[in-house]
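Student: I would like to learn how to read a structure that is new to me, feature by feature. Could you guide me through this one?

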Amino acid sequence: MDLCRKVYKFVMITNLKQILTVIAAKEVLENHGVHPSVQRIAIMKYLMEHCTHPTVDTIYTDLLATLPTLSRTTVYNTLQLFCDANAARAITIDKRNVRYEYCDGNHAHFLCTKCGRVFNVDISDHLSSQLYHDERFTVENVELNFVGICSECDHQSKAAPPNQNQQKK
C-alpha cells in the first residue's frame, strides 16, 4: 500500500510539473506578443525543458510522437517567429547547424569539438557590464562563444589507452 501511495504521489507531481510547464510556456509566448497555439506551446515548452541547444531536426524528431501533424517547416517557422519576438535565440556556434534556446538570461556558449554538445557558460558581472553598458553603443545582441573540449571528453581521452599506431613508434 505504501508503494502505491508513493507511485501515485510521483505521478501526480510529474503531471503537475508538466501542467505548470505548459502554463509557463503559454505565458512566455503571450508576454512576447506571440499567439499561443498548441504547436507553439509545445515547441516553447520543449525549449524551456531542454537546455541542450537543439536543432530544428532534433525538436521535430522529439515532438513528432506527441504532435503527429507537425512538420519541419512548422518547427523552423515557429522558431523564427520566437526569435523575431525575442522569446528564443538562434545560436550559430556550430557551422553545420543553427541551434536554438529559450532566452533565459545572458550567457556565453561552449562548443565541444569532440562530442558536439553546446554548454551554457556564465558571464561574470564585470564582463557583462563591459559588454552591455558601453555608452558608445546600443547593444542589441551579444554572442560570445568558446570552442574546445569539454571536461567529460577530455577526461575520456586521458583515460583511454593509446592506440596501436602510437605504441609501434
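Student: Let me begin with a loop: between which helices does H53 lie?

Tutor: Please keep in mind throughout that this is a predicted model. H53 lies in the loop between α2, which spans 38-49, and α3, which spans 56-63. The backbone there deserves attention, since H53 has a positive phi of about 55° although it is not a glycine.

Student: Is H53 buried or exposed?

Tutor: A residue counts as buried when its relative accessible area is under 20%, and H53, with a relative accessible area of 1%, is therefore buried. You can set beside it N86, another residue that is not a glycine but has a positive phi, in this case about 60°. N86 is placed in the loop between α4 (72-84) and β1 (88-91), and because exposed means over 50%, its relative accessibility of 54% makes N86 exposed.

Student: How should I read a helix, and which residues of α3 are buried?

Tutor: With a helix, one can ask which residues are covered and then where they sit around the axis. In α3 the buried residues are V56, I59, Y60 and L63. They cover an arc of only 100° around the axis, so they are on the same side of α3. As for their surroundings, the buried residues of α3 pack against α2, α4 and β2, the last of these being residues 99-102.

Student: How do I read a strand, and how many residues of β3 are buried?

Tutor: The general idea is that in a regular strand the side chains alternate between the two faces of the sheet. In β3, residues 108-112, five of the five residues are buried, so the strand is largely enclosed by the rest of the structure. Both faces are covered, with A108, F110 and C112 buried on one side and H109 and L111 buried on the other.

Student: Which strands pair with β3, and in what sense?

Tutor: β3 pairs with β4 (residues 118-121) in the antiparallel sense over four bridges, and with β5 (residues 145-148) in the parallel sense, also over four bridges. To follow the pairing residue by residue, note that the bridge partner of A108 in β4 is V121, while L111 stands opposite V147 in β5. The hairpin of β3 and β4 has five residues between the strands, and in this hairpin G116 takes a positive phi near 80°.

Student: Finally, which residues make a nonpolar surface patch?

Tutor: I19, L20 and I23 make such a patch, of about 280 Å², and I19 has its place in helix α1, residues 2-31.

Conventions: Residues are numbered from 1 along each chain as its sequence is written. This is a predicted model: local features need pLDDT of at least 70, side-chain atom pairs count only at pLDDT 80 or more; totals for chains, interfaces and linings use all residues. Side-chain values use heavy atoms; hydrogens and water are left out. Buried means under 20% relative accessible area, exposed over 50%, partly exposed in between (1.4 Å probe, protein chains only). Helices (H or I, at least four residues) and strands (E, at least two) are DSSP runs, numbered from the N terminus. Two strands pair if DSSP finds at least two bridges between them. Patches are made of residues with over 30% relative accessible area and no salt bridge: like charges are joined within 9 Å, nonpolar side chains (Val, Leu, Ile, Met, Phe, Trp, Tyr) within 5 Å. Accessible areas come from the Shrake-Rupley method with a 1.4 Å probe; for residues, only the protein chains shown count as cover. A salt bridge is a side-chain nitrogen of Lys or Arg within 4 Å of a carboxyl oxygen of Asp or Glu. The arc is that of the directions from the helix axis to the C-beta atoms. Contact means heavy atoms within 4.5 Å.
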